[in-house]
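User: Could you walk me through this model before I go back to the bench? I'd like the overall picture and then a few details.

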Amino acid sequence: MAHSLVPEDSSGWRSPSQDTMLLRKGRPTFGSDPDLEAGLASASSATFCLNGRRVEAQITKSGITLTQAPARWLIWRSRLPSFLPFHEILGAAASKRALPWQWCCWAAWRPPAHGIDVHTFRRKRRKPCLWSPVAWRLACQDEEVAKQWAADINEAVSDISCRPRTLLVIVNPWGGCGRARRVWAGEAYPVLSQAGVRCVVVDTRHPLHAKDIVAALPMHELELYDGILAVGGDGLFQEVLDGAAALRCGADAQRAAAAAQLRLGHIPGGSTDAAAYSMHGTRSAACAALHAALGDSTPLDVMRVDTGDGSHRMSVCYATYGYMGDLLHTSEAMRWLGESRYPLAGALTLFRGRSYGARVSYQSAAPDALKAMCCQHQCQRCSVSASASHASLGLHSPAAVTEAPWTTVEGRFKSIMAIVTSCRSDMSPEGLSRNAHLADGRLHLVLVHQCSILEYLKFLSLIPTCGINMEHLPYVKVVEATAVKVQPLGEESHWNVDGELMPHNEVAAHVCQGAVQVFSRGIEVGHPDCA
Ligand SMILES: Nc1ncnc2c1ncn2[C@@H]1O[C@H](COP(=O)(O)OP(=O)(O)OP(=O)(O)O)[C@@H](O)[C@H]1O
């Protein structure tokens, strides 16, 4: 059932933009013909006022070049872009209102009464992966020029084939203690609207509703949607992932094939949001929406976690037993405290000082020369991700995909963790596992053997600075594996999978390399704009 977070028309569609973006024509304006391009380029140059500076703007095949007129007398110089690539532009809209201070670049008696708002984004200087939406207003005096430029820019942008046209958006109204709805309406929707993306918004009504919605999508809707956005926490994203995996593993081959084409996205609106944080390097909802609106795509590893009672879950972050399981179990009773329930439950669990007996078996991952490489945009290690058909095989079956030998360890453990991606959060911005990659088909198995409360406190306190790579602590062992099985011996804890409790404690988990495509481009660590 669609809900009115934003205005919609009678057909149930949101009306993302009543502007030129929805009047796109299919034919590209900027073809590969050099003569055509040269002609257009010369026809598409004009003088505008941008942030009080006079600029010569020109439309080229790949974007808009902006050349500032020299003005040595200016003491204050604003930092203006010299090039706006189309693949980073959401859309453009002709606008009538000119900012008063823009008048200063023209004679006062002829103020630029018209303009074009070019919607794009800006990277934070010291953190290139943190994007914030920005609108550059190119002001001019001629209304026709403004309208023509907006139409030309929108036509060029609409030719980018990876851009989504229609998205299914699933919002958990209770995610992050009600934050998810605000995040959607205030941060994510405006970005998608500027890009002309149609959004069909559905609120969840009960736990596992998101999984049911996705798993029940009929063929005509699967063909309509370019992707699904989960607006909420990690639990909601995991449910959407579960639903998509159920579709892909279903008996209907046509629906399975259509589901494999869907890209998933996480708009962070929960309490921790490790999935979005790990994919983009930031917890910004606007940034996640920008990746979706621009049509970014990257493969993501999925860990299938099967329990002894026959149920299973898909995870993109972690599955942990022992301390983190107890912590989640304790914190669930304190939901009314919001995000502050986690440190409180953490302290209570720590001082209980429990450890649990278990038999742990794992299949080691093959050694890799690129091991030390950090995962980032265009990551070499992730580029050899598995083909979609191979990944679907792993999603389908509880059995591990490789034939590698199993190693077994038995003992008492404070904590057992299987971490698939970096698992970034506000507590650990660089991630629990710094060497983890988005799509290398490996998990990091962390075994924290029985130790004193103080020793475990030391382990916890080192996580924000060095993650789980603590070879110097004799009671911590980290191995790269592809599959793991855990059988509890004696008193049992709880399994915490991406912040959700599992119903049974005998668990087998394996990684499906690059099993889903997500709206992300990996983490940008450097960019010429930020030099
Ligand atoms: N309408 C609803 N009413 C009650 N529970 C819901 C509803 N929709 C989803 N849920 C459940 O709420 C749980 C938590 O949701 P979600 O992950 O979105 O938020 P969160 O717990 O605040 O964030 P995080 O998982 O990042 O800590 C999920 O397990 C989901 O099944």
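Analyst: What follows goes from the whole chain to a few local regions, and please keep in mind that this is a predicted model.

User: Okay, how many helices and strands does the protein have?

Analyst: The protein has 13 helices and 21 strands, and buried residues make up 49% of its 531 residues. Among contacts with a separation of 6 or more, 76% are between residues 24 or more positions apart.

User: Which residues does the DAGKc annotation cover?

Analyst: The UniProt record, an unreviewed entry, places "domain: DAGKc" at residues 162-309. Over that stretch the chain is 46% helix and 23% strand, with 41 Å between the end C-alpha atoms.

User: Val 171 caught my eye; is it buried or exposed?

Analyst: Val 171, which lies in strand E8 (residues 166-171), is buried, because 26 other C-beta atoms lie within 10 Å and the cut-off for a buried residue is 20 or more.

User: And what is Val 171 in contact with, leaving aside neighbours within four places in sequence?

Analyst: With those neighbours left aside, Val 171 is in contact with Ala 180, Arg 181, Trp 184, Val 201, Asp 203, Val 231 and Gly 232. As for Met 417, which is 246 residues away from Val 171 along the chain, the two C-alpha atoms are separated by 29 Å.

User: Switching to the ligand, which residues come nearest?

Analyst: Of the 23 residues around the ligand, the nearest are Gly 175, Gly 232, Gly 233, Gly 235 and Gly 270; Gly 232 is also one of the contacts of Val 171. Helix H6 (residues 234-248) supplies the largest share of the shell, four residues, and by class the shell holds five nonpolar, 13 polar and five charged residues.

User: Why is helix H10 described as largely enclosed?

Analyst: Seven of the 10 residues of helix H10 (residues 323-332) are buried, so the rest of the structure largely encloses that helix. The buried residues are Tyr 323, Met 324, Gly 325, Asp 326, Leu 327, Leu 328 and Ser 331.

User: What do those buried residues of H10 pack against?

Analyst: They pack against helix H11 (341-352) and against strands E14 (318-322), E16 (406-419), E19 (495-497) and E20 (500-501).

User: Last one: how do E1 and E2 run, and how many bridges join them?

Analyst: Strands E1 (residues 45-50) and E2 (residues 53-59) run antiparallel and are joined by six bridges, and Leu 50 has Arg 53 in E2 as its bridge partner. The hairpin has two residues between the strands, and there Asn 51 takes a positive phi near 50 degrees.

Terms used: Residues are numbered from 1 along each chain as its sequence is written. This is a predicted model: local features need pLDDT of at least 70, side-chain atom pairs count only at pLDDT 80 or more; totals for chains, interfaces and linings use all residues. A residue is buried if 20 or more other C-beta atoms lie within 10 Å of its own, exposed if 12 or fewer, and partly exposed in between; C-beta atoms are placed from the backbone. Two residues are in contact if their C-beta atoms, placed from the backbone, lie within 7 Å. A residue is near a molecule or strand if its C-beta atom, placed from the backbone, lies within 6 Å of it. Ala, Val, Leu, Ile, Met, Phe, Trp, Tyr, Cys and Pro count as nonpolar, Asp, Glu, Lys and Arg as charged, and the others, Gly among them, as polar. UniProt positions are given in the numbering used here, feature names are shortened, and annotations may be inferred rather than shown by experiment. Two strands pair if DSSP finds at least two bridges between them.
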